[in-house]
Amino acid sequence: MKKIVFVTGSSGLIGSEVCGFFAAQGYSVHGLDNNQRAVFFGAPGDTRWNQQRLQRELPDFAHHELDVRDRAGLQALVREIRPAVIVHTAAQPSHDRAAAIPFDDFDTNAVGTLNLLEAARQACPEAPFIHMSTNKVYGDAPNRIALAELDSRWDYADPAYAHGIPETFTIDQSKHSLFGASKLAADVLVQEYGRYFNMPTCCLRGGCLTGPNHSGVELHGFLSYLIKCNITGREYSIFGYKGKQVRDNIHSLDVARFMHAFAQAPRAGEVYNLGGGKGNACSILEAFKLAEKFIGRAQVYRYLDQPRAGDHICYYSDLRKMRAHYPAWDITKSLEQTAQEIVEAWQLRTDK
Ligand SMILES: NC(=O)c1ccc[n+]([C@@H]2O[C@H](COP(=O)([O-])OP(=O)(O)OC[C@H]3O[C@@H](n4cnc5c(N)ncnc54)[C@H](O)[C@@H]3O)[C@@H](O)[C@H]2O)c1
């Protein structure tokens, strides 16, 4: 009997990568997605193409059209399939979108996660439960770190953060956005099911997760959307901080690889900052250069001197805890490689 992995948000960037990766490791894959991304972001956020790709390419894949807010439906499904591993990536993922849809955001991110945790506790408490969290749980507190302004980016001036932001960083008393708050509620619940019920759970606090299978839109999917703008000649808007704001980018394959490593040797109630680290960090201005290098066209953009509320000026993850707990894991895809793959994927896609 093959082991079963249950992946929520299976048509999204991370979910779809996880489905493919675990399938290649011999798992039978059950995906849950209701294409809510198209409701959150309109047609450009539609993920049906990715669901259909999984159904076409993975021989042992079952799609479940279900909403994580459907508590009874989720309980029945988890009881029926009794997965060996659960990977939770379904979410309202946008910082900026949340303010317009506070109930949809919280019901999906916080309550949906509680629904899944409880379904797991009742049906398969021994299954590793891997939750995609976000660096927005730290709110805008990273902006209080002393910064140095370099030619094309901000960087930490405080040597305490030379390796990036560690998991011990404060999550309290800062501006999170409603998205950050709903994700933080979920993050704490996932930790609690680990500590209180001793379930093998972890929270992965993502930096910028990216890759060729993202349906990047202005409000979510920074590198994917920026590259799409260059390819289609659309104007990209920079919101404040001189375009020098820094994000650390991790390819979805390296995210899936870490999840698999955790599933093989799980721990209870763990938290990891999962991003590209300093090595895969870039500013928006530097990302323009990357896109221009692979596409051969100058980026069209406008500058608005108004940062997004709660946006990080400089954020990159300290990867040392991940590397210490899972020494066989490391970043395998450089920023250049990742950008090139995204360019190639957008060039082939018709939904630009
Ligand atoms: N992409 C990033 O840069 C990033 C950064 C940090 C954290 N994260 C987190 O990683 C996770 C995955 O992000 P992603 O980039 O793959 O997002 P995504 O939007 O590409 O995928 C999420 C999927 O979940 C589905 N979904 C949303 N609400 C649902 C609901 N109520 N019921 C069922 N399905 C639903 C969507 O249709 C979509 O296919 C999210 O939890 C997100 O908060 C992402």
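# Helix packing, a three-stranded sheet and salt bridges

Helix α4 (residues 71-81) packs against helix α5 (residues 102-123) at an angle of about 35°, and their axes are 9 Å apart. The model is predicted. Besides this helix pair, the points below cover an open sheet of three strands, the buried residue R53, and several of the 22 salt bridges that the structure holds.

**Helices α4 and α5**

- The crossing of α4 and α5 is right-handed.
- On the α4 side, the residues that meet α5 are R71, L74, Q75, V78 and R79.
- On the α5 side, the residues that meet α4 are V111, G112, N115, L116, E118, A119, A120, Q122 and A123.
- Sorted by class, the contact of α4 with α5 has seven nonpolar, four polar and three charged residues.

**The sheet β9-β11-β13**

- Three strands form an open sheet in the order β9-β11-β13, and the pairing is mixed.
- β9 (208-210) and β13 (281-283) are the edge strands, each of which pairs on one side only.
- On average, neighbouring strands of this sheet are turned by 40° against each other, direction ignored.
- β9 and β11 (residues 246-251) run parallel and are joined by three bridges.
- Within this part of the sheet, T210 stands opposite H251 in β11.
- Helix α8 (residues 252-264) packs on the sheet, where it touches β9 and β11. The direction of α8 makes about 65° with that of β11.

**Salt bridge within α8**

- Helix α8 also holds a salt bridge between R257 and D254, with the closest N and O atoms 2.7 Å apart.
- R257 and D254 are three residues apart in α8, about one turn of the helix.
- D254 counts as buried because its relative accessibility is 0%, the cut-off being under 20%.

**Salt bridge from α5 to the loop before α4**

- D104 and R69 form a salt bridge in which the closest N and O atoms are 3.2 Å apart.
- D104 lies in helix α5, whereas R69 lies in the loop between β3 (61-64) and α4, so the pair ties together parts that are 35 residues apart in sequence.
- D104 counts as partly exposed, with a relative accessibility of 31%.
- R69 also counts as partly exposed, at 26% relative accessibility.
- A network of salt bridges links D104 and R69 with D67.

**Salt bridge K333-E341**

- K333 forms a salt bridge with E341, and the closest N and O atoms of this pair are 2.6 Å apart.
- K333 counts as buried, at 15% relative accessibility.

**Buried arginine R53**

- R53 is located in helix α3 (residues 48-57).
- The relative accessible area of R53 is 16%, so R53 falls under the 20% cut-off for a buried residue.
- With neighbours within four places in sequence left aside, R53 is in contact with S16 and N213.

How values were computed: Residues are numbered from 1 along each chain as its sequence is written. This is a predicted model: local features need pLDDT of at least 70, side-chain atom pairs count only at pLDDT 80 or more; totals for chains, interfaces and linings use all residues. Side-chain values use heavy atoms; hydrogens and water are left out. Two strands pair if DSSP finds at least two bridges between them. Helices (H or I, at least four residues) and strands (E, at least two) are DSSP runs, numbered from the N terminus. Axes are lines fitted to C-alpha atoms, for helices over the stretch in contact, and angles run from 0 to 180 degrees between N-to-C directions. Contact means heavy atoms within 4.5 Å. A crossing is left-handed if the near helix is turned anticlockwise from the far one by less than a right angle, and right-handed if clockwise. Ala, Val, Leu, Ile, Met, Phe, Trp, Tyr, Cys and Pro count as nonpolar, Asp, Glu, Lys and Arg as charged, and the others, Gly among them, as polar. Buried means under 20% relative accessible area, exposed over 50%, partly exposed in between (1.4 Å probe, protein chains only). A salt bridge is a side-chain nitrogen of Lys or Arg within 4 Å of a carboxyl oxygen of Asp or Glu.
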